[in-house]
Amino acid sequence: MRTRSTCLALLLTCAGVAGAQEDELLPAERAQREAAARAFASAREVWGALEAYGRGGPAPEPDLRARGVARLVQDPDAEEPVDAPDPPEVVADQLAALRGDVLRRLARLDPAGRWLAEPDAPPRPERTLRILAVHDLVQGESDHEAPSVGLGAYEGQGGGGGGGGGVLTFCDDGGYGSPSEFLDAEKVVEVLQTELEAAGLDEATAEYSAGRLLVRTAPAGHAIVDRVLAQLRKVRAGLVDLDVRLYRLPVALYNELRPEALGLSAEGEARLLRAEREGSAQRLAAHRLVAHDGQRVVVRRGQTRAMVVDVEVNQTGVVPVLNPVVNAVVEGLAVQVRPVVDRARGLVLLDAAVSLGKLGERADKRAFGGYELELPEMALGRSTSTAAVPLGRGALLGGGLVTDSGPAGQVVMVYVRPQLVQGKR
Amino acid sequence: MRTHAPLLVILLALAPQAAAQAGPPSPKAAEVEELKALLGKLDAAIAKHAALLDPAVTLEVTDVRGLLAAHPPDRAAPRMSVDSAAAGFQTARGGGGSFCFDGDEEPDGTVLDPDKLQELLVHAVGEERWEAPCSIEVHRGSLIVRQTAVGHERLRRALAALQADTWTAVQLEVGFWSLSADLREGLRRAALESDGVLPAASLAALDAAAGKGARQLGATVVSALDGQRVYLHQGAERAYIAEVSQSSGGGTGKDEWVAVADPIVRVLRSGVTVDARPTLVRDGEREVVHLDVRFARCRVTGGSQKPTPWGPIDCPQVETDTVRTSARVQAGGGMLVYAAEGGADVGDDVTIVVRPRIVRR
């Protein structure tokens, strides 16, 4: 049996602890505490109503008040309500049982009032079918791959493909094929079914077929489906506009911009433009392209030459014969960029790889079996850089090596400015 | 005809009843009203307790790719060497440095995997808070959670704490210098005194000496995320005939036996590669960059053509320098990666300094 002094001590102890933790509470936790206090206050109101009930007149039989008090505080002799609440689940059970007592008493006093009757079931709403396009959620965007700048064609990598060597390869192994892939179709259906069942719409059905969702449910269910799909789309909304440039800068200018190189301010951008106008900075290339969030995109500029890179022996017949192997040798500029957006922090992770190559004027030639193999030489530079850049700001990510450019030195830098634009995912 | 008198009698007879009805309600009716008021309070209290015991569970979807793929895969510099199995080198595609430094010693660049992230978040919210209908799943870089308002807030707090250090980048400024003997010796001494690290004062002296005893041969900048491997290659590629193999065949009877030569073409890479992995570590109170750097330089110094019955093959001659080194560099410092004195060729004289700079988000 609780006494008032014990409850007061407990309350004071709890108040001390609660006060120390109050500042550390999350808003939802604070709201939960306030809701608990309101629930306790409502239980005290019931107590007050019980105290008033039956006073000033003969106590009704059976003694509803006594039984109600006993239920609420589990002490039939208690004169006042306790200060510290029982656990909510205990109080809820007590209140429900007291409610039953009240209803039974009302049913005896007012038989015509239908106090214990079950309410009529509401009419079942009509289910309708909708077909919704969801390919933007379930079909990832393909990565684009740049041809490999260099003599990879001579190593059997093929001039038209991405080549091996990891130079321009962004293979991801995070458990999915590409960061641009979003949701599996089955997962979308599963999420919707769960939400519909949670809302009591057990008879709702949702199926996926060829980029479309077929949903049959009541109007309330359709509203849930719309809400969930909008919520899913919001996670990856927008396209990434990329302003990609290649600069040749004096090292002194880079040192000036260095503190903000991975997120140029307006002053930094102006300084870069001024250097361009003055001629100290040279813009070697500039391109604008648009990518989906997580999609790899490519800028490619230069020449591709078909060359006889090898001969192969065909021995399918009795007599071996030689066949020429012609492949494409790629020179020029290739820039691959993959942006991954963090909308919560306003950042874009930019993963960039740059290749710049130039074939020599003359290629060595050798004759084999009546064919002339071409053996060229190519000067090239390659680099990779990754950094997180604020949305809407340009960054000097990294670049190639420039040699013998005078006492002060120069650098070649890739500049990328990502912006999120609204529209289709 | 009735007179008003009977009507008056009726009215007078009804008067006591009317008086009785206008008086206080019967005890029974009063109790019903009291109980209805009590019922209203009971319903309100029960509703408040129900909201406490059965809080609303809502769906939230969050993008967590930044945690799962905190950095893209490592990329290694291309090999520069004359490939030959007989010489002990293996023909490789895009492998590591010239002398196969790569092996099992490389860190695998593991970041948070989906299962681990899910486990961390379950603990952050509270293991007791995940009974149905609450649920959590990491699906293709998206976190799909059904939780109460309190659960969602705890998740957001945990995610913010996890994301605080992701996408921290290190910019590596690589300078190639030709230095006077005094300057070079000064840098070496400074590096020896502090485990290969150049203090800020030494770097400032180097910058000040530009044009006066120090000539910058070249410079480059690469950016990497914490723990990521990035590279730079500058040089040339040349295709050459490394070998010739013969294939032959013929028919029966009077057909001649025919031999054909199949040339084996290889690509010789030369130039300079710088391959680096910066990792942020705590050294007491301060944060430093652990730099693991590989430098390789390959120059074609000559070569010859050897005649074969099927045509000449190329035998290039190269000179290579390779260095793999590591150091812990504090803020403002640098790392002396390589220093070679010149020979007859001015290109022999090169000092390479790497300066890391941490960029936090």
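Author: In this predicted model, a residue counts as exposed when its relative accessible area is over 50% and as buried when that area is under 20%. With these cut-offs, A:Pro219 and A:Lys234 are exposed on the other side of helix α7(A) from its buried residues, among them A:Ile224, A:Val228 and A:Leu232.

Reader: What makes the buried residues of α7(A) lie on the same side of the helix?

Author: They include A:Gly221, A:His222, A:Val225, A:Leu229 and A:Val235. Because they cover an arc of only 155° around the axis, they are placed on the same side of α7(A). The elements against which these residues pack are β1, α5, α6 and β3 of chain A together with β1 (58–63) of chain B.

Reader: How do you know what span to expect for α7, residues 219–235 of chain A?

Author: The expected span is 1.5 Å times one less than the number of residues, and for the 17 residues of this helix that comes to 24 Å. The distance from the first C-alpha to the last is 25 Å, which is close to the expected value.

Reader: Why are β1 and β2 of chain A called edge strands?

Author: The open sheet has 3 strands in the order β1-β3-β2 of chain A, with antiparallel pairing, and β1 and β2 each pair on one side only. From one strand to the next the twist averages 20°. Two strands pair if there are at least two bridges between them, and β1(A) and β3(A) are joined by 6 bridges, so the condition for pairing is met. A:Leu132 has A:Leu213 in β3(A) as its bridge partner. As for the helices, α6(A) packs on the sheet, touching β2 and β3 of chain A, in a direction that makes about 170° with that of β2(A), whereas α7(A) lies across β1 and β3 of chain A and runs at about 10° to β1(A).

Reader: Why is A:Ala210 called exposed?

Author: Its relative accessible area is 63%, and exposed means over 50%, so the word applies. A:Ala210 is found in the loop between β2 and β3 of chain A, and its phi is near 50°, a positive value in a residue other than glycine. Most residues other than glycine have a negative phi.

Reader: Is B:Trp167 buried or exposed, and how do you know that?

Author: The relative accessible area of B:Trp167 is 3%, which is under the 20% cut-off, and therefore this residue is buried. B:Trp167 lies in the loop between α5 and β4 of chain B, and its phi is near 60°, again a positive value in a residue other than glycine.

Reader: Why is the pair of A:Tyr247 and A:Tyr415 called edge-to-face?

Author: Ring centres must lie within 6.5 Å for a pair, and planes over 60 degrees apart count as edge-to-face. Here the centres are 6.0 Å apart and the planes stand at 90°, so both conditions are met. Because A:Tyr247 lies in strand β4 and A:Tyr415 in strand β16 of chain A, the pair ties together parts that are 168 residues apart in sequence.

Reader: What makes the pair of B:Phe295 and B:Tyr338 tilted?

Author: Their ring centres are 4.8 Å apart and their planes are at 45°, an angle that is neither under 30 nor over 60 degrees, so the pair counts as tilted. B:Phe295 in strand β9 and B:Tyr338 in strand β11 of chain B are 43 residues apart, and both of these residues are buried.

How values were computed:
Residues numbered from 1 in each chain as written. Chains lettered and ligands numbered in written order. Predicted model: local features only at pLDDT ≥ 70, side-chain atom pairs only at ≥ 80, totals over all residues. Heavy atoms only, no water. Helix = DSSP H or I, 4+ residues; strand = E, 2+ residues; numbered from the N terminus. Buried < 20%, exposed > 50% of the residue type's maximum accessible area, 1.4 Å probe, protein only. Arc of directions from axis to C-beta. Contact = heavy atoms within 4.5 Å. Axes fitted to C-alpha atoms, helices over the stretch in contact; angles between N-to-C directions.
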